[in-house]
Amino acid sequence: MPSSSSLAHGTVSADLLANCTVHSRTEILHLMRSIQQRRLLVNLDMPNTREIIVTSVIAVNESNNTVILDSARGDALNHELMAGATAEFITHLDGVSISFSTGAVSLVEYDKLPALRIALPKSLIRLQRREHFRVMLPIANPVKCIVPSSNETDREPITAHIVDIGCGGVAIAERGGRLGAETGRILPNCRLLLPDTEPVLTTLEVRNSAQIRLQNGAFQTRLGCKFIDLPNAMSNRLQRFVMNIERVRRDSL
């Protein structure tokens, strides 16, 4: 499953990939049920396109080896999924990235509503690198990232929201199309407006990007960024924030 590793994690060595590949059916079922029970958001990335569909697991059927996902909104997007040979399933569970190739995607009815069906994977990649530990931030109360504009004719700062964050980097998203999708860029003087603490001022390097079609049909630009030369004081503030978020999440389970 090399595509999963290259898509979700960048370049991963063959030895590391082998060590992080789960083949146990019992463990795979446990992971999939945990993803379902916690109602985690799942990205379905369609190869050869820049589109990612955000969905969730709504059922895991052990008897017929299938997984039911919430359908994409809009017939065109569902048909596009079904027309492809596979998609990439990517989510994060307790800071660990879970990914696998879905194989064929089918449109079915579940609880009298349209849904997507994929096969229970025979193997999946479970990868955690300490420097890439991330926590998801709540959608209901988005945490903002203010990015200075590089457009000479529009100097208004860009307000993005933080999707996930860790001590090594951050994923940010914005719907207005002002962030741009070019990778390799350096974004200086960005401000992370973390709650209950002073803003974190940092330089970001754009490592990956995607145009994501949300369930309501709207598009969103999402950038995966690495912190560049983050000062110790800012790093310590960020680490405390990440640990507090993870502590609150664990206490709520």
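How far is the sulfur of Cys 190 from the closest cysteine sulfur, and in which residue does that closest sulfur lie? In this predicted model, the closest partner sulfur belongs to Cys 145 and lies 5.0 Å from that of Cys 190, which is too far for a bond. A disulfide is a covalent bond between the sulfur atoms of two cysteines. Because a pair is counted as a disulfide when its sulfur atoms are within 2.5 Å, the 5.0 Å between Cys 190 and Cys 145 does not qualify, and the count for the protein comes to zero disulfides. Cys 225 is likewise in no disulfide, the nearest cysteine sulfur being that of Cys 190 at 7.4 Å.

The table sets out the burial of two of these cysteines together with that of a valine discussed further below.

| Residue | Relative accessible area | State |
|---|---|---|
| Cys 190 | 0% | buried |
| Cys 225 | 2% | buried |
| Val 108 | 19% | buried |

**Overall build**

The protein is made up of five helices and 17 strands, and 43% of its 253 residues count as buried. Among contacts with a separation of 6 or more, 62% are between residues that stand 24 or more positions apart in the sequence. The exposed area of the protein is about 13,600 Å², of which carbon and sulfur atoms supply 49%.

**Nonpolar cores**

The largest nonpolar core holds 29 residues, and those touching the most other members are Met 32, Ile 35, Val 57, Leu 69, Leu 81 and Phe 89. Two or more residues of this core come from each of several elements, including the helices α3 (25-37) and α4 (75-83) and the strands β4 (57-61), β5 (66-70) and β6 (88-93). The largest share, five residues, is given by α3. Once neighbours within four places in sequence are left aside, Phe 89 is in contact with residues that include Met 32, Ile 35, Val 57 and Leu 69, and its partners also include Ile 98, Phe 100 and Ile 118. A second, separate core has 27 residues, among them Leu 179, Phe 227, Leu 230 and Val 242.

**Val 108 in strand β8**

Val 108 has its place in strand β8, which covers residues 106-110. Val 108 counts as buried because its relative accessible area of 19% is under the 20% cut-off. Apart from neighbours within four places in sequence, Val 108 is in contact with Ile 68, Leu 113, Pro 114, Ala 115, Leu 116 and Arg 117. Of these partners, Ile 68 is 40 residues away from Val 108 in sequence, while the C-alpha atoms of the two are 8.7 Å apart in space.

Methods:
Residues are numbered from 1 along each chain as its sequence is written. This is a predicted model: local features need pLDDT of at least 70, side-chain atom pairs count only at pLDDT 80 or more; totals for chains, interfaces and linings use all residues. Side-chain values use heavy atoms; hydrogens and water are left out. Helices (H or I, at least four residues) and strands (E, at least two) are DSSP runs, numbered from the N terminus. Buried means under 20% relative accessible area, exposed over 50%, partly exposed in between (1.4 Å probe, protein chains only). Contact means heavy atoms within 4.5 Å. Accessible areas come from the Shrake-Rupley method with a 1.4 Å probe; for residues, only the protein chains shown count as cover. A nonpolar core is a set of buried Ala, Val, Leu, Ile, Met, Phe, Trp, Tyr and Cys residues joined through side-chain atoms within 4.5 Å.
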